[in-house]
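Colleague: I should like to go through this model with you and ask what stands behind the terms used for it. Please set each value against its definition.

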Amino acid sequence: MAAALRLPESLRDTVHAFARHGYPHETCGLLLGTRDGGENRVTLVRQARNVNSARARDRYEVDPNDFLAADREARAAGLDIVGIWHSHPDHPARPSETDRASAWPEWSYVIISLQRDGVRELRSWRLNGADFEEEVIRA
Amino acid sequence: MNTVVVRIPTPLRSYTKGADEVHATGATVAEVMSALGAMHQGLLERVLDAEGEPRQFVNIYLGARNVRALQGMSTPVGEGDVISIIPAVAGGAT
């Protein structure tokens, strides 16, 4: 099965709200759900603190304590961390070289592009070897 | 020697045949990780550098504490403790 992300409309709205609330800074968090073949199915969305406060407009680094909390929540619910989301304020919803260099396999990387007046686009990417490929998003 | 649960994040489960946690024994975090590496070839290279320290993009937690804030890889472990391998999750728009 080709890589795909299942992200229900209500959770997409949640991610949009997190990103808008954080603008003009980058916001980030975890996608919790299940994995079925090539499809990552999101059932919970969590926001994480960005510990890269020095460059909060164009960098993010998920607070490892928040990762651990999300991992515990996921395991308790029979879920996995299936992906990461982060915003690109005033930049396109495409992975940067910084994103690619830091990426891990198997996870979906959701990127939200937004400007001051709202969200422009939400796209999802996954590593295939050393490079990102865009994946289909289903509701 | 104590038996510890090591939690494996999704991106590293290709090294553990899909297992999300693995049991390993040792008296310290370093010993447990060494035992883990002996069971699952290739895993340790993704987690530790040549000096046996956590790589820049990996955090190792014992319970709720980053081992960097404890005694590093020499931190003693107890029976039933939980070690979590936490990939650093980072990136940015530029």
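Colleague: How many residues does each chain give to the contact between chain A and chain B, and what makes two residues a contact?

Modeller: Chain A gives 26 residues and chain B gives 18 residues. Two residues are in contact if their C-beta atoms, placed from the backbone, lie within 7 Å. This is a predicted model, in which local features need pLDDT of at least 70 and side-chain atom pairs count only at pLDDT 80 or more, whereas totals for chains, interfaces and linings use all residues. Residues are numbered from 1 along each chain as its sequence is written, and chains are lettered from A and ligands numbered from 1 in the order in which they are written.

Colleague: Which elements give two or more residues to the side of chain A that touches chain B?

Modeller: They are β4 (60-61), α2 (64-76), β5 (80-89) and α3 (97-102) of chain A. Of these, β5(A) gives the most, with seven residues. Helices (H or I, at least four residues) and strands (E, at least two) are DSSP runs, numbered from the N terminus.

Colleague: How is the side of chain A that touches chain B divided by class?

Modeller: That side has twelve nonpolar, six polar and eight charged residues. Ala, Val, Leu, Ile, Met, Phe, Trp, Tyr, Cys and Pro count as nonpolar, Asp, Glu, Lys and Arg as charged, and the others, Gly among them, as polar.

Colleague: Why are β4(A) and β6(B) said to pair?

Modeller: Two strands pair if DSSP finds at least two bridges between them. Two bridges join β4(A) to strand β6 (residues 90-91) of chain B, so the condition is met; the two strands run antiparallel. Glu61(A) stands opposite Ala90(B) there.

Colleague: What makes β2 and β4 of chain B edge strands?

Modeller: Chain B has an open sheet of five strands in the order β2-β1-β5-β3-β4, with mixed pairing. The strands β2 (21-26) and β4 (65-66) of chain B each pair on one side only. Within the sheet, five bridges join β3 (residues 58-62) to β5 (residues 82-87) of chain B in the antiparallel sense, and Val58(B) has Pro87(B) as its bridge partner. A helix of the other chain, α2(A), packs on this sheet, touching β1 (2-7), β3, β4 and β5 of chain B. The direction of α2(A) makes about 120° with that of β5(B); axes are lines fitted to C-alpha atoms, for helices over the stretch in contact, and angles run from 0 to 180 degrees between N-to-C directions.

Colleague: Why is chain B called as compact as a globular protein of its length?

Modeller: The radius of gyration, taken over C-alpha atoms, is set against the globule rule of 2.2 Å times the number of residues to the power 0.38. For the 94 residues of chain B the rule gives 12 Å, and the value is 13 Å, close to it, so chain B is as compact as a globular protein of that length. Chain B has two helices and six strands, and 36% of its residues are buried.

Colleague: How do you know whether Val29(B) is buried or exposed?

Modeller: A residue is buried if 20 or more other C-beta atoms lie within 10 Å of its own, exposed if 12 or fewer, and partly exposed in between, with C-beta atoms placed from the backbone. Val29(B) has 25 such atoms, so it is buried. It is in helix α1 of chain B, and its contacts include Ile60(B), Leu62(B) and Ile83(B).

Colleague: How do Glu106(A) and Lys17(B) stand against that definition?

Modeller: Glu106(A) has 19 other C-beta atoms within 10 Å and is therefore partly exposed. Lys17(B) has 8 and therefore counts as exposed. Each has a positive phi in a residue other than glycine, near 80° for Glu106(A) and near 55° for Lys17(B). Glu106(A) lies in the loop between α3 and β6 of chain A, and Lys17(B) in the loop between β1 and β2 of chain B.

Colleague: What makes a set of residues a nonpolar core, and which residues have the most contacts inside the largest one?

Modeller: A nonpolar core is a set of buried Ala, Val, Leu, Ile, Met, Phe, Trp, Tyr and Cys residues joined through C-beta atoms within 7 Å. The largest has 54 residues, and those with the most contacts inside it are Leu31(A), Val6(B), Val29(B) and Val32(B).

Notes: Lists of a residue's contacts leave out its neighbours within four places in sequence.
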